Amino acid sequence: MDAYHIIKRPLRTEKSVADGEATNSYHFEVDLKANKIQIKHAIEIFFNVKVEDVRTLIKKGKQRRVRFKIGRTKNYKKAIVTLKEGNSIDLGY
């Protein structure tokens with residue numbers, strides 16, 4: 001898998017911003033098929049930092065109703081990337 005297709009977007013939630021300030025970790029939405037080694041390699045290439053740890057989880061989609069039809073949002077994989085000391089990523093928030 002190409003490194004440019006692994007990382008989809010950074011996740012900017014209240015929890016992720018607080019986590020970034022406290023433990024130097026960042027949250028990203030990544031491809032469902034990507035493993036931890038591929039995610040680590042992609043982060044190091046894109047942001048020119050050293051990654052210490054990668055934790056992943058799959059967020060299940062929720063049921064949503066639009067008028068009379070019931071649908072479901074997509075499942076996605078979330079990666080929590082912890083950087084080594086002295087490294088940081090400027091995501092603009």
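How many of the six residues of strand 2 are buried, and why can that strand be called largely enclosed by the rest of the structure?

**Entry 1: what I am looking at.** I note at the start that this is a predicted model. I went through the elements of the chain and found three helices and six strands, which run α-β-α-β-α-β-β-β-β from the N terminus on. I then looked up the extent of the C-alpha trace, which spans about 50 × 30 × 20 Å along its principal axes.

**Entry 2: the sheet.** I looked for the way the strands are arranged and found that four of them form an open sheet in the order 1-2-6-3, with antiparallel pairing. The edge strands are strand 1 (7-10) and strand 3 (51-59), each of which pairs on one side only. Neighbouring strands of this sheet are turned by 30° against each other on average, if direction is ignored.

**Entry 3: the partners of strand 2.** I followed strand 2, residues 25-30, and saw that three bridges join it to strand 1, while six bridges join it to strand 6. On the side of strand 1, I found Pro-10 opposite Phe-28, and Arg-9 has Glu-29 as its bridge partner. On the side of strand 6, Tyr-26 stands opposite Val-81.

**Entry 4: the helices on the sheet.** I checked helix 2 (residues 14-23), which packs on the sheet and touches strand 2 and strand 6 (76-83), its direction making about 140° with that of strand 2. Helix 3 (residues 36-47) lies across strand 1, strand 2, strand 3 and strand 6, and it runs at about 120° to strand 3.

**Entry 5: back to my opening question.** I went through strand 2 with the cut-off in mind that a buried residue has under 20% relative accessible area. Six of the six residues of strand 2 are buried, and therefore the strand is largely enclosed by the rest of the structure. In a regular strand the side chains alternate between the two faces of the sheet. I looked for this in strand 2, where Ser-25, His-27 and Glu-29 point one way and Tyr-26, Phe-28 and Val-30 the other way, and all are buried.

**Entry 6: the chain as a whole.** For the chain I noted that 34% of its 93 residues count as buried. Its accessible surface comes to about 6900 Å², of which 48% belongs to carbon and sulfur atoms. I also looked up the charges and found 21 positive and 11 negative side chains, with the centres of the two sets 14 Å apart. Finally, among contacts between residues at least 6 apart in sequence, 59% join residues at least 24 apart.

Notes: Residues numbered from 1 in each chain as written. Predicted model: local features only at pLDDT ≥ 70, side-chain atom pairs only at ≥ 80, totals over all residues. Heavy atoms only, no water. Helix = DSSP H or I, 4+ residues; strand = E, 2+ residues; numbered from the N terminus. Buried < 20%, exposed > 50% of the residue type's maximum accessible area, 1.4 Å probe, protein only. Contact = heavy atoms within 4.5 Å. Areas by Shrake-Rupley, 256 points an atom, 1.4 Å probe, with all protein chains shown as cover. Lys, Arg positive; Asp, Glu negative; His and termini not counted. Charge placed at Lys NZ, Arg CZ, Asp CG, Glu CD. Pairing = 2+ DSSP bridges. Axes fitted to C-alpha atoms, helices over the stretch in contact; angles between N-to-C directions.
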